[in-house]
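Student: I am new to this structure and should like to understand the terms used to describe it. May we go through them one by one?

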Amino acid sequence: MKKYKLAIVGATGLVGRTVLKVLEEKQLPISKYVLFASKKSAGQKIHFMNTEYIINELNEHSFDEGFDFAIFSAGGETSKKYSPIAASKGCIVVDNSSAFRMDPNVPLVVPEVNPEEIQNHHGIIANPNCSTIQAVVALKPLDEKYQIKRIVYSTYQAVSGAGRNGVIDLENGIKNHIINKSDFSNCNEITNKPNFNAQENYSLKKFPYPIFSNCLPHIDIFLENGYTKEEEKMINETRKILKHPNLRITATTVRVPVFNSHSESINVEFENSFHMRELKEVLRNAPGIILQDDIQNNIYPIATKASGYDYVFVGRIRRDESVISGINLWVVADNIRKGAASNAVQIVEKMCYQHSN
Ligand code: A2P
């Protein structure tokens, strides 16, 4: 079997490190890995595949030596600059950023949903936004069976989706809370109210407000129409992946003080009628989904239990009684794994075995 050469760009980041972990688990037919990050990390060592790998600084010549594939998880600007360079040298890029997702010449792929799109690439394949990936894994089998008419997304997104600085903001918020709370309880034990006036004696690295104890209805930048870019991404990417360019979709995306795994409330309206028992079977038998839907026993998806897995967990399935044919779903997945790293590695995996056949 042919063996491939893979570059991992952004190998020191949250997603990049998870890419390395997933690659170790999968043991793909890859004979050489090369790890890249910014100048800041050049020379750093990372333990990977039982070997000490040195991080290389990414530059214009990084792809001169010839790679079959590259996984980019180093942000939009790095992708915009270096993905075309890599592609021009014959390397197929799987890009985790939003830089190319809506480019009509770039396939936007979730292997459980539209693997047939992989072959349409011109050197770059885009990995969808984390919130979109888990949503479309759940929605695709329902769309095939009942034809989706409208979607309302409400997301509850973990701080890991904002990178290392997002995680640091939540950690610092927790530390700050513990310090302030103990000060407070020493001087005012009677009321035992939370200390709303506590000074934030830490600086925020990522979010405009403390993420600890808050839900921020603000992910990515605000657009002219009042939506955020994250909301726009979910809407446009869902349309592209499900191949419904005019599907009616709205979204509210919210950052919550959860370390990892995104949760989503998804309201879906169908063209066709459905039987609940059959609809649950459709989801149970769909690729990549674990059904956790047993309310009698308090079984439904939760973030801490989804973390570490590549499945999309679906539960709280119930009829939307306000429309003729519709449901509500609760969908949870590890945003760093299935929402980014694992999805990208799955795309590379598919290409390895397609090329070998
Ligand atoms: P570095 O660690 O050297 O800054 P996260 O989203 O978790 O913050 O990770 C971002 C990843 O993208 C890191 O691996 C980071 O490397 C990498 N990165 C950021 N800017 C560049 C750049 N200009 N060239 C290469 N890698 C970059």
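Tutor: Let us start with pairing: two strands pair if DSSP finds at least two bridges between them. Please keep in mind that the model is a predicted one.

Student: What makes strand 1 and strand 6 a pair?

Tutor: Strand 1 (residues 4–9) and strand 6 are joined by four bridges. At least two are required, so the two strands count as paired, and they run parallel. Two of the partnerships can be named: I8 has I71 as its bridge partner in strand 6, and V9 has F72.

Student: How do you know that strand 6 also pairs with strand 7?

Tutor: Four bridges are found there too, between strand 6 and strand 7 (residues 92–95), and these strands run parallel. The requirement is at least two bridges, so this is a pair as well. F69, for instance, has I92 in strand 7 as its bridge partner.

Student: Which sheet do these strands belong to, and which are its edge strands?

Tutor: They lie in an open sheet of six strands, ordered 5-2-1-6-7-8, with parallel pairing. Its edge strands are strand 5 (56–57) and strand 8 (124–126), because each pairs on one side only.

Student: What packs on this sheet?

Tutor: Helix 1 does, touching strand 1, strand 2 (30–37) and strand 6. The direction of helix 1 makes about 155° with that of strand 1.

Student: How does the reach of helix 1 compare with the span expected?

Tutor: Helix 1 (residues 14–26) has 13 residues and reaches 19 Å from its first C-alpha to its last. At 1.5 Å a residue, 18 Å is expected, and the computed reach is close to that. Among the buried residues of helix 1 are V15, V19 and L23. After the helix comes Q27, with a positive phi near 45°.

Student: Which way do the residues of strand 6 point?

Tutor: F69 and I71 point one way from strand 6 (residues 69–72), while A70 and F72 point the other way. In a regular strand, side chains alternate between the two faces of the sheet. All four residues named here are buried.

Student: What is the strand order of the other sheet, and which are its edge strands?

Tutor: This open sheet of six strands has the order 10-9-11-14-13-12, with mixed pairing. Strand 10 (248–255) and strand 12 (289–291) are its edge strands, each pairing on one side only. From one strand to the next, the twist averages 25°.

Student: What makes strand 13 and strand 14 a pair?

Tutor: Six bridges join strand 13 (residues 312–319) to strand 14 (residues 326–333). At least two are needed, so they pair; their directions are antiparallel. Within this arrangement, R319 stands opposite I327 in strand 14.

Student: Why is N267 called buried?

Tutor: The relative accessible area of N267 is 16%. Buried means under 20%, so N267 is classed as buried. N267 is placed in strand 11.

Student: What makes the approach of the N267 side chain to D320 and N328 a polar contact?

Tutor: The side chains of N267 and D320 make a polar contact at 2.9 Å, and those of N267 and N328 make one at 2.8 Å. The limit is 3.5 Å between N or O atoms, so both values fall within 3.5 Å.

Student: Which domains does the assignment give?

Tutor: The domain assignment gives domain 1 (4–127 + 340–356) and domain 2 (132–165 + 213–335). Their centres, taken over C-alpha atoms, are separated by 26 Å. The contact takes 20 residues from domain 1 and 18 residues from domain 2.

Note on methods
Residues numbered from 1 in each chain as written. Predicted model: local features only at pLDDT ≥ 70, side-chain atom pairs only at ≥ 80, totals over all residues. Heavy atoms only, no water. Axes fitted to C-alpha atoms, helices over the stretch in contact; angles between N-to-C directions. Expected span 1.5 Å × (residues − 1). Buried < 20%, exposed > 50% of the residue type's maximum accessible area, 1.4 Å probe, protein only. Polar contact = N/O pair within 3.5 Å; in protein donor to acceptor, adjacent residues only side chain to side chain. Domains from an automatic or database assignment. Contact = heavy atoms within 4.5 Å.
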